[in-house]
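Here are my notes after going through the structure you sent over. I've kept them as numbered points so you can reply to each in turn.

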Amino acid sequence: MKKFLILSLFVAVLASCGSIDHKSQVGIKGNWTITQVSYPGSEYIKVNSFDIADSKCLEGSSWNFVSNNNTGTMNINKAGCPSFSSPIVWTVTKDGDFTLKITEGEKARRVAQGYFLKMRNQSESSFQLVDNVNVGGNNVEVVYQFQRM
């Protein structure tokens with residue numbers, strides 16, 4: 001029975017790894033900065049990104065993605081915005097779904113809240129993460145443009 005449970009767990013792990021897009025994950029390995037945050041009505045409407053700060057505060061933020069263990073860091077240091085730094089845990093699926101946990105030094109399994117974004121337009125030097133948020137009862141796409149540093 002014990003062997004059956006171990007084998008079942010192993011098969012489940014293999015099956016779950018099949019949905020990970022290793023090529024996309026390796027492609028974003030390294031240091032990045034958000035060069036632009038855009039969404040319809042951004043000149044009039046403020047969006048709070050990742051429950052941290054106004055979305056425009058993320059412009060100029062630095063991100064590091066480590067692909068072999070799906071960890072990294074994010075740092076916000078824009079003048080006039082709250083300073084914020086945290087470890088992150090992330091994955092990219094074959095469907096282009098990007099999951100993000102901002103762990104703030106906690107173990108990822110202890111962090112209940114995460115964010116689900118879409119990855120678009122990935123190249124060697126740039127990619128976009130797209131978040132769907134509700135603004136005034138309307139679904140709006142917030143696009144975070146990343147550029148390799």
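How many salt bridges does a search of the whole structure find? Four turn up, and I come back to them in points 6 and 7. Keep in mind throughout that this is a predicted model.

1. Overall layout. The protein has two helices and ten strands. Reading from the N terminus, the order is α-α-β-β-β-β-β-β-β-β-β-β, so you can label your view with that string. Buried residues account for 39% of the 149 residues. The protein exposes about 8,900 Å², and carbon and sulfur atoms supply 55% of that area. If you take the contacts between residues at least 6 apart in sequence, 43% of them join residues at least 24 apart.

2. The core. The largest nonpolar core holds 33 residues, and those with the most contacts inside it are Phe50, Trp63, Phe65, Phe98 and Tyr144. The elements giving two or more residues to this core are strands S1 (30-38), S4, S5, S6, S7 (97-102), S8 (115-120), S9 (126-135) and S10 (138-148). Trp63 is a handy residue to centre on. Setting aside neighbours within four places in sequence, Trp63 is in contact with Gly30, Asn31, Trp32, Ile34, Phe50, Leu58, Thr73, Met74, Ile88, Leu100 and Phe146.

3. Strand S1 and its partners. S1 pairs with S4 in the antiparallel sense, over four bridges. To find the register, look at Thr33, whose bridge partner in S4 is Ser62. S1 is also joined to S10 by six bridges, and these two strands run antiparallel. There, Trp32 has Arg148 of S10 as its bridge partner.

4. Strand S6 and its partners. Which side chains of S6 point to the buried face? Phe84, Ser86, Ile88, Trp90 and Val92 point to one face and are buried. Ser85, Pro87, Val89 and Thr91 point to the other face and are not buried. S6 pairs with S5 in the antiparallel sense over six bridges, with Thr73 standing opposite Pro87 in S6. Five bridges join S6 to S7, again with the strands running antiparallel, and Ile88 has Ile102 of S7 as its bridge partner. The hairpin of S6 and S7 has four residues between the strands, and Gly96 there takes a positive phi near 85°. That backbone angle might be one to look at when you check your torsions.

5. The disulfide. A search of the whole structure finds one disulfide. Cys57 and Cys81 form it, with their sulfur atoms 2.1 Å apart. Cys57 lies in the loop between S3 (53-54) and S4 (62-66), while Cys81 lies in the loop between S5 (71-76) and S6 (84-92), so the pair ties together parts that are 24 residues apart in sequence. The torsion about the S-S bond is about -80°, so the disulfide is left-handed. Why does Cys57 count as buried? Because its relative accessibility is 6%, and buried means under 20%.

6. Salt bridges between strands. Asp97 forms a salt bridge with Lys118, the closest N and O atoms being 2.8 Å apart. This pair links distant parts of the chain, with Asp97 in S7 and Lys118 in S8, 21 residues apart. Asp97 counts as partly exposed at 28% relative accessibility, and Lys118 counts as partly exposed at 33%. Glu141 forms a salt bridge with Arg120, and here the closest N and O atoms are 2.9 Å apart. That pair also links distant parts of the chain: Glu141 is in S10 and Arg120 in S8, 21 residues apart. Glu141 is partly exposed at 33% relative accessibility, and Arg120 is partly exposed with a relative accessible area of 34%.

7. The salt-bridge network. Salt bridges that share partners join Lys56, Glu59 and Lys78 into one network. Within it, Lys56 forms a salt bridge with Glu59, the closest N and O atoms being 3.6 Å apart. Lys56 is partly exposed, with a relative accessible area of 26%.

Definitions and conventions. Residues numbered from 1 in each chain as written. Predicted model: local features only at pLDDT ≥ 70, side-chain atom pairs only at ≥ 80, totals over all residues. Heavy atoms only, no water. Buried < 20%, exposed > 50% of the residue type's maximum accessible area, 1.4 Å probe, protein only. Contact = heavy atoms within 4.5 Å. Areas by Shrake-Rupley, 256 points an atom, 1.4 Å probe, with all protein chains shown as cover. Disulfide = S-S within 2.5 Å. Core = buried A, V, L, I, M, F, W, Y, C linked by side-chain atoms within 4.5 Å. Pairing = 2+ DSSP bridges. Salt bridge = Lys/Arg side-chain N within 4 Å of Asp/Glu carboxyl O.
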